Structure formats: structure tokens, C-alpha cells
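Please look through the structure below before reading on. The paragraphs that follow take up helix packing, a sheet, a contact between chains and the confidence of the prediction in turn.

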Amino acid sequence: MTKAQDLLLKSARWKPWEYALWLLALAAPWLLSSHALIINEIAIVALFALSLDLILGYTGIVSLGHAAFFGMGAYSAALFAKLVMPDPLVGLLVALLASAVLGAICSATILRGSDLTRLMVTLGAGLILMELANQFDWLTGGADGLQGVVMGPLLGRFEFDLSGRTAACYSLGVLLLVFVLARHFVNSPFGATLKAIRDNRLRAMAIGIPVSRHLAVVYTAAAALAGAAGALLAQTTGFASLDVFEFHRSADVMLILVIGGAGWLYGGVIGAIVFKLMQDAISSITPEYWTFWIGLFLVLLVLVGRERLIRPWTWWGRA
Amino acid sequence: MLTILFDGIAYGMLLFILAVGLAVTMGLMNFINLAHGAFAMAGGYITVLLMQKMGVPFLLCLPLAFLGPALLGAVLERTLYRPLYHKPHLDQVLFSIGLTFMAVASADYFIGSSQQLVQLPEWLKGRTEFGEGNWMLGMGHYRLFIIALCAALTLALQYVLTKTRFGSRLRAAVDDQRVAAGLGINVNAVFLGTFAVGSGLAGLGGALGAEVLGLDPSFPLKYMIYFLIVVAVGGTSSITGPLLAALLLGIADVAGKYYIPKLGGFIVYSLMIGILVWRPQGLFVRRGGK
Amino acid sequence: MTDAVLSAQNLVMRFGGITATNKVTLDLRKGARHALIGPNGAGKTTLINLLTGVLQPTEGAISLDGQDITRLAPYQRVRRGLVRTFQINQLFDTLTPLQTLAMTLSQQQGLGGKWWQALGARRDVTERCEQLLEQFHLSAVMDQQTRVLAYGKRRLLEIAIALACEPRVLLLDEPVAGVPAGEREELLQTVAALPAEVSILLIEHDMDLVFSFATRMTVLVNGTVLVEGEPAEIAKDSRVKAVYLGHGDEINDAIAVAGAGASSTAGPPQGGTAPSGGSAAPALSASADPGAVASVGAHTDA
């Protein structure tokens, strides 16, 4: 194998620490069985952040409305379980599809315009969905939310129990699967074109990359994955409410991604772990002030410099 | 119907005063400041607290609702915002969301989360009506006051922009910052002044709007999108653009909520998305402008 | 033109009140080594932007291989072999030269849409990468992020990317701008060594380079074609000298001629383009400065 080929493939290869991390993660529901519920939450949030990483970290699109797809997935899965069939995996697929369709439609809106325009449009999409969910309360339960979503057993065998272990395994499994796919995706030629679009859209066009088409594809994929995360939430908690569409969710997931570092896939995972643990710790002391501390953290983060925080590999000039 | 038009215009003028500072600072510093609504909220709370705790009359509160946020804006611009002008937009978004969160949480902690009620002076309550039936024009006196005040402010702003030296320095700095600095214009001072005035106007808008829009700690987040719509649709290269956009938005929102209450807010957001997809640079940008 | 690969017909570009490009007609023959020169602000980069689709012309048409491409998006033109470089480096700062070239080559081979295979999986792609890196002296830095590279290397990468697109028509916008004297020769040699079938349009200010490279030249002034022809004739043309050296009456006359919208050819008449008004010629040649003639003529005598 030539040196060039080796260098290119190096970043696509799994490192030992990655195997270790995932083995630990998968074992967590047994090793830390009393914390299965929070493990489940972390996995769901990590998946949500991963989906945002595809568009924010790899393609450079600032989206303030990513919760729209999360919510779409949540309600699709919940309604599907209630009205059609309670199988979790089929419901997950349905949610994936529904969110993908929504993402494809929305992708038409983010292709043109400046950063501000895109911000507005993504924000608007999130708010529209919230309004719609609110208005169609005969279907969605409105402000009360959709209750009583009872899931059937996973793979026909594993019941969702109160301890949350099945839920945690389910979410972790989905997260791992998506992660593996995403890893291939970002190290492929397509993934490289996304980074090119992020770095210099003009030049990307000038080397023959169909920018709009690639943006539409990645946005749709990210929407589908966000929808999957939302579906997991609805399925594992048995409940879907309007707060899945709230601006707070979009802002939080962006913060999570930024904490862990956008553009390297693990950012979402690490950010999710840090964020959830911090939230747990701080909420038990001062629940109302969580928003304040998050705000302060964001302000300090930007003033100090996003890149200088928790991204040690960038200290050595790796791509 | 005419009443709806009237209410829509009042709402639109209010939105304009609230958002004009954001439009100008965005055009000037190219800084996406999502915390603009926090200054509006500050003005609203200053008014409410002065009236409730110290019995200050409403009209006197208004200039204070301008000055307080203006001062706050000046301090923040100099200390926090200035180092961030050249950072990528994502950083600016994160920063201003952070500030907003801090403001919202502080308001919640110190003042409480309930809606604040403003006791309008007697001469502002009441309503005058002309005509009848569908063509009746019902003008609430407070809304009339809002329209009058905002119109006066708009004219004043336009005068400052076009007829004063500060205005021409501001317009030069908006067009090309480097060249303006090269001509000896103190760009930092222009930024500071503009940001302060913009925040002050937001504060004034917040005070005026407390009765119409409501005032509680979630105000900045709730109305942020409206301000951004005014800026995105109206463009940042003039103040007539945002004015027209604000009027359009105000009338559309009031009319939408009246005629199709089920989908009121939905209409505004869809309209915005439609406009931005069709004309990403905004509806009212002059040819060759930003 | 019978064998024009790239042809622009009467292109006009207006920005508000400014006419940046005024009825420009340019034909690039197959295998051309064609230079586009003119003073700063003449509209050369605007013309390139029009040809590549970054700008849509107000009037006029562009065709590639006889097919109209005026309405095609930039990436579609690249697919058909029309590639350009940028005067100011437009690179991908977080990618390494190796990744940049691998991606460009993959895109070129139609693999840009492949999302499963890894970027370095294809042997032919990586071999061509190594070839290009070697050719442009980038092998030593191939694994460093573009943003840490020195200017000279960045410039080389800029050109290498264009070559990775396997161009049939290559538009080079001041390729040696900012490159130290020693490396310019190398760079131009690499460009000159391109297969004869590749048609090249070169914008440059370095006249030594232009005259050693070009077999045909177009002079652009104020958005209009002043004159087009073989380098030797262009060098002797007094209007061109006037435009560059600026001798009072001559520069005004030259601009007046250009502004009238007429374009002329110094070589045999091609048909369809009328020669400029006769009054201009005597005024220019009569007051030509012998000193100026000697210094411009020196280029071709070297």
C-alpha cells in the first residue's frame, strides 16, 4: 500500500480506544444498572447531537431548528405505536422515514441565502411544527401531550421494563449502528465534499461538486437521524409532549455538540455525557438556575474560544 | 376590518421600534445578536418596577426605559461584544443565546415568572370609534399613542441618518468599514453609539409593548423570531426596509390571528419562510446593496 | 470560428450603473495557449467569472464545444471540462493537500456521491494523487492541513486542484501572483507541459511569462476587447502601449476607441468585426514615443 493510500485510510480506521469506548458503553446497562435511565437519556441525546454534527460540524450549516425533526420523529413513533402497531423497530423506521421526508422538504429552504437567512428559516420551521402540533390537538394531545404510548417487546422478546435496561440497550444499540454508518459516511468521498462545502463553497462549486444536491442529501439524512432520536425518546418514555419542539432543545443540542467539539462525530457523544451529568448534578442543587449557568457557560465558551477547549487533537494539526 | 388594519399598524410600528436597533447593528457589525430581546425586556421591567415600586408616572418611565438599556448596551458592547465581531456566526449565535439565557434566568429569579401588568394612565385608556359594521374603525387610545410616538421616532431616526454627520458616518461605516476607518471615521465610536441607541430603542419598545405584547421572563425568546423576521425580510441596508417589513408582519399577524385563529402564528412563519426562499437577501434591499 | 472550443459571444455584464463587460467576444481554439491581458480593473476576472458561470451575463452567450452553456451552473461546466483557478487562493483549509486532491479526483471520476467506500480506497485515485503531488512538489507537505502551508505551496495546490479536474479547457487567473521568481518558471513549465489538446486561457501581468507562453493574445480595457492577435503584433500595437504606458492623447484615444464598443483584430480580418474608425490611427502613430517603442519591443527581442 502506498504512503498516500495509507494516510488517507488511516483516518477511516478504528483506533483501539474507540473499541474500548463502545464496549464500555454497551456494557454500561449491566455495569451501572441502577443508572439505566440516565444512560438511556444520554444515548438519545448523543444520537440527536450526532445528527446535528453532520450538518453543523461537517457541512457548516448553523441550524436553530433541529428540534423540528426530533419532534417529528417523537410524534410519528408515538402515534404509530398508538394507532397502528406497538412494535418498536417498525415504529423507529416509520419515524425515520417521516423525518426524512420533512427534512427533504425543508432542505429546499436552506440552500440559498446567508447565515442569517438559514438561521431564520430553520428556526421558523421548528416554530411552525410546534404550532401545528399545538393546533392539531385532536391528534397530538396538544399541550397535554400524547400519553399512554405502550410499546411491544423489542425484537419480540425483550419487554420494556421499569428498570430501563431494555430501553438503554435499545438506544445504545441504535446509537452504535448509526455511529458506524456515520463514520463510513464522513470518511467517504461524499463526506470529503461536505467538508469542502463547509470550508469553501465557491471552490467546491468550481471543482464540480453539485453543492445543492449534496446539501439536500446530508440535511435529509441528518433530519432522519434526529427523528430516530426523537422516536427513541417517545418509545422509551411512553410519552410525547410539545417540548420536543421547543427552542430550548435546539439550543441545548447545539451546545452539547459544541462542548464535545463539532466535526469529529465523537463530539456529540462526549458532549452528551458531559451535559447530562452536569445537568443532573446542577439540577439537584438549583433547578431554576440551570438556564443561567448554561447561558454563562456559553458566553465564557465563546469568549475563551471554542477551539481551545476540549479538542486536544487539534493541538497537533490533524485534519 | 379597518380596526384590524389599525391594530396591525400599531403592532407593526411597535415591532419596528423594537427591531430597528437590531437591523442597524446587524448591517453595521455583521453580528447576529439574538440577545436583542433581552434589552427590550429590560426596558419593560424598568418601567413596570418604577411604576409599581416607586409610583413613577408612565410617561416619565419611557425615557428611563430608553436610557437604562442604552447604558447597558454601551457597557456590554465595549466589554463583551467588541472582541467577537470577527468571529464566525455560530460563535455569535451561541454567545447571544447564552446572554439571553442569563437574562431570562435572572429575570425569573429576581422578579418572578408571572406576567407583569402595566397600569396605563387614564388618558391612555379608552377607545374612539368611527363608522359602523364592517367598516368600523375602532382606535384604542393607547395604540394611537404608540403609532404617534413610533412614527415620530421613525422620522427622527430618518433625519439623523440622512441629515446629520453621525448619520453619514454611520452609513459610511455600514457600507465599508475599512474605508470608513481610513477616512478618519472613528468606527469604534460609531459602533458604540449605534449599539447603545439600538438597545435603548428596544428598551423603549419593551416598555411600550408591555401592555400589548405582555411581559414575562420568556419575552426575549418568544419575540426573538419576530425581530429576526423584520431584519431578515426588511434587510439591513436601510431603515425603510425594516419599517415596511415590520408593518407587513404586524398586519399579517393580527389579521391572521383574527380571521384564522387556529393557524395564526403558522401564517407568519410560513410567510417568512416563503419570502426568504424567494428572496434570500430580504424583500427590500436596494439594488447593489448588502 | 471553426475549431473554437470555448466561445463567448457579445458578453455584457452590468452591475447597477457599471458596465463591467461590454460586448466581449472571445474564441478559444483547441490546444490554444491564449493570454488575456489588460490593466487592473479591465474586467479580466469578471470575464472568467462569466465564462465559468459564477456570474450570469446581462446579455450574450457562451458555448463549449458548440453547445450553449450560458444557463448552466458552475459545477455543470466543470463536469464538461471547463476548469479555472482563482487569483486569490481558494482552498479547503481544514483538509490536507492529499485529501483535497483525492476528493477532487473522486468527484471527477463520479465517485463524489459514494458514501460507503473510504476516500483512499481506490488505487487509481491515490496513484494519480501521488503523481500530482510529486509534480507540484507537495509530497513533503501532503499530510499537513492546508491552513498551515506556506503561500508558495498554497499557490501550487491551487493549480494542482484545477489539474485534478482533468480539464479540457483551463482558465488560469494570474497563476504566479505572489510566487517567488525562482518558482515561477517551474510553475509555468508544469502548465506548459499540459497535453496539447488542453486549451488554456491565461490571465497574467508578468509580460515575460506571457510572451514566452502565449501563441495568441487578447487585450481587455475597460471591459472591452481592445485588440486580439499574435503576440508579436500586439507588442508592436501602439494602442496597447498607450494603454499600459499612458501617453496623454494616446490613452484617451485608446479608451475612446475601446468605449465605442468596436473591437478589432490586428491580424487578417476574421469577418464580422469592423475595424475601428480611421481617425484614431494617424494620431496614435504620429506621436509614438521612440523610447516607449524600444522598451516594449525589447520583450520580443530577448
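**Helix packing in chain A**

Helix α3(A) passes α8(A) in a left-handed crossing. The model is a predicted one, and in it the axes of α3 (residues 36–56) and α8 (residues 165–186) of chain A come within 8 Å of each other, crossing at roughly 20°. Because angles under 35 degrees count as roughly parallel, α3(A) is to be described as roughly parallel to α8(A). On the side of α3(A), the residues that make the contact include A:Ala36, A:Ile39, A:Ala43, A:Leu47, A:Leu50 and A:Leu54, while α8(A) contributes, among them, A:Arg165, A:Ala168, A:Leu172, A:Leu175, A:Phe179 and A:Ala182. Sorted by class, this contact of α3(A) with α8(A) has 16 nonpolar residues, two polar residues and one charged residue.

Helix α11 (residues 211–237) of chain A takes part in two further packings, and these can be read one after the other. With α5 (residues 88–107) of chain A, α11(A) packs at an angle of about 145°, the axes lying 7 Å apart, and the crossing of this pair is right-handed. The contact of α5(A) with α11(A) has 18 nonpolar and eight polar residues, and no charged ones.

How do the axes of α9(A) and α11(A) cross? Those of α9 (residues 189–199) of chain A and α11(A) come within 11 Å and cross at roughly 110°, and α9(A) is therefore roughly perpendicular to α11(A). In this case α9(A) passes α11(A) in a left-handed crossing. The contact is made by A:Thr193, A:Leu194 and A:Ile197 from α9(A), together with A:Val211, A:His214, A:Leu215 and A:Val218 from α11(A); by class, these residues divide into five nonpolar and two polar, with no charged residue.

Chain C can be approached through its sheet. Four strands of chain C form an open sheet in the order β2-β1-β4-β5, and their pairing is antiparallel. The edges are held by β2 (18–29) and β5 (67–68) of chain C, each of which has a single partner strand, so one side of each is left without a neighbour in the sheet. At one of these edges, β1 (residues 4–15) of chain C pairs with β2(C) in the antiparallel sense over eight bridges, with C:Ala4 standing opposite C:Arg29 in β2(C). The hairpin of β1(C) and β2(C) has two residues between the strands, and in this hairpin C:Gly16 takes a positive phi near 60°. Strand β4 (residues 59–64) of chain C pairs with β5(C) over two bridges, also in the antiparallel sense, and the bridge partner of C:Leu64 in β5(C) is C:Gln67.

Chains A and C also touch, in a contact that takes 31 residues from chain A and 41 residues from chain C. On the side of chain C that touches chain A, α2 (74–79), α3 (97–108) and α4 (123–135) of chain C each supply at least two residues, and the largest share, eight residues, comes from α3(C). By class, this side of chain C has 19 nonpolar, 16 polar and six charged residues.

A word on confidence closes the account. Chain A averages a pLDDT of 86, and 95% of its residues score at least 70. Within chain A, confidence is highest in helix α11(A), at a mean of 94, and lowest in helix α7 (residues 137–140), at 78. Over residues 312–319 of chain A the pLDDT is below 50, and this stretch has ten contacts in the model beyond near neighbours in sequence. Where pLDDT is low, the predicted coordinates should not be read in detail.

Methods
Residues are numbered from 1 along each chain as its sequence is written. Chains are lettered from A and ligands numbered from 1 in the order in which they are written. This is a predicted model: local features need pLDDT of at least 70, side-chain atom pairs count only at pLDDT 80 or more; totals for chains, interfaces and linings use all residues. pLDDT is the predictor's confidence in each residue, from 0 to 100. Two residues are in contact if their C-beta atoms, placed from the backbone, lie within 7 Å. Ala, Val, Leu, Ile, Met, Phe, Trp, Tyr, Cys and Pro count as nonpolar, Asp, Glu, Lys and Arg as charged, and the others, Gly among them, as polar. Axes are lines fitted to C-alpha atoms, for helices over the stretch in contact, and angles run from 0 to 180 degrees between N-to-C directions. Angles under 35 degrees count as roughly parallel, over 145 as roughly antiparallel, 65 to 115 as roughly perpendicular and the rest as oblique. A crossing is left-handed if the near helix is turned anticlockwise from the far one by less than a right angle, and right-handed if clockwise. Two strands pair if DSSP finds at least two bridges between them.
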